[in-house]
Amino acid sequence: MTVPFLDLKAQYETIKTEIQSAIFKVLDSAQFVLGEEVAAFEREFATYSGAPHGVAVNTGTSALHLAMLAAGIGPGDEVITVPHTFVATAAAVKYTGARPVFVDIDPATFTMDAARIEAAITPRTRAILPVHLYGHPADMDPILEIARRRRLLVIEDAAQAHGAKYKGRPVGCLGDLGCFSFYPGKNLGACGEGGLVTTANEQYARTIRMLRDWGQDRKYHHLLAGYNYRMEGIQGAVLRVKLRHLEKWTEARRLHAGRYRELLAQCGVGIPAEASWARHVYHVYAVRTTDRDGLMRALGERGVQTAIHYPVPVHLQPAYADPAHAQGSFPHSEKAAREVVSLPMFPEMTQAQQEQVSSALRAIARPR
Ligand SMILES: Cc1ncc(COP(=O)(O)O)c(C=O)c1O
């Protein structure tokens, strides 16, 4: 039996009738772009995230792009982020014309090491962009303290962290703006693409609403040079259905992570940490190994699918090369990129599937 890395069909089977009736409702209404379902989803997701405003867009990348534009970031500015992330984080900074400046990660949580931020600040720095990678929140208090003292904005990349909490507070409303993705494989995934910005700042919310829809303040009156970044009605309707199940799915992920922690204890891999102040939502269950190729091959032979998030840190991607960010600049990110391998993790995963993963790992374990 193959243990899939992710099983979107299994999830769909559990909510098929709800999803289909939500989609039919949109077809009947013919509100295909934005509309009532999207507006309702914005309110419901903002409430879920503890944020006064939510603005839905077409992708998580657009959420990051518009969050930065609304905050006034543009050419000549610098935004501090991490190289151990999906490329979209840095790409969105570049879309604004600003320059991504990297700081290394804390190797335990795979998130921004706040102790390295001050050394990266220059007169051009405008914002800090931590990533709640894999669903583990970044250590936000020291980041927010530096931002306050140095008058910088904090924009959270929460694309992988719906429902994650930092010291009991949901991510996305800890900084000035929070950016989420609803790509299908995310913890809250659309039947297509989707994204959303959360913020407590009404002006930012208003600007993002305009920017996502051609910069219009009313139809055919373009106050800003905007974009076509609108969420589709069907995605809003689907996400409303799925949001109602999200907490149950997150608890299932956390249960699976707890079981993995026990099952993998003697398997010779480094298991993910959950800081005492964190509610990790295990979007990705990334373990560490010094023999990744061998481990992936052996697991594959035993029917276990795996993935790598991510094999090359952003500063070593040709498209993001920067003379200030040579190889060796961010050793923890570079080591993580060499060592991480993601095991199957999805709410519907069965105990038998988890045992198959762990027995495959036990079979190939060797003392480290
Ligand atoms: C950390 C991170 N940031 C940003 C994004 C971009 O989201 P999207 O794929 O919805 O544009 C993703 C998801 O792919 C992500 O994982």
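In this predicted model, seven strands are arranged as an open sheet of mixed pairing, following the order β1-β11-β10-β7-β6-β2-β3. The edge positions are taken by β1 (53-57) and β3 (99-102), each of which has a single partner strand, so that one side of each is left without a neighbour in the sheet. Averaged over the sheet and with direction ignored, neighbouring strands are turned by 25 degrees against each other. In general, the strands of a sheet pair through backbone hydrogen bonds, and this pairing is either parallel or antiparallel. Strand β2 (residues 78-81) and β3 run parallel and are joined by four bridges, and within this part of the structure E78 stands opposite R99 in β3.

Helices are also found against these strands. Helix α4 (residues 88-95) packs on the sheet, where it touches β2, β3 and β7, and its direction makes about 140 degrees with that of β3. Helix α3 (residues 60-70) lies across β1, β2, β7 (153-157), β10 (177-181) and β11 (195-199), and runs at about 165 degrees to β10.

Further along the chain, helix α9 (residues 292-301) has five residues to consider on its buried side, namely R292, G294, L295, A298 and L299. Because these buried residues cover an arc of only 160 degrees around the axis, they lie on the same side of α9, whereas D293, R297 and E301 are exposed on the other side. The buried residues of α9 pack against α10 (331-339), β16 (340-343) and α11 (351-364). Just after α9, G303 takes a positive phi of about 80 degrees.

Methods
Residues are numbered from 1 along each chain as its sequence is written. This is a predicted model: local features need pLDDT of at least 70, side-chain atom pairs count only at pLDDT 80 or more; totals for chains, interfaces and linings use all residues. Side-chain values use heavy atoms; hydrogens and water are left out. Buried means under 20% relative accessible area, exposed over 50%, partly exposed in between (1.4 Å probe, protein chains only). Helices (H or I, at least four residues) and strands (E, at least two) are DSSP runs, numbered from the N terminus. The arc is that of the directions from the helix axis to the C-beta atoms. Contact means heavy atoms within 4.5 Å. Two strands pair if DSSP finds at least two bridges between them. Axes are lines fitted to C-alpha atoms, for helices over the stretch in contact, and angles run from 0 to 180 degrees between N-to-C directions.
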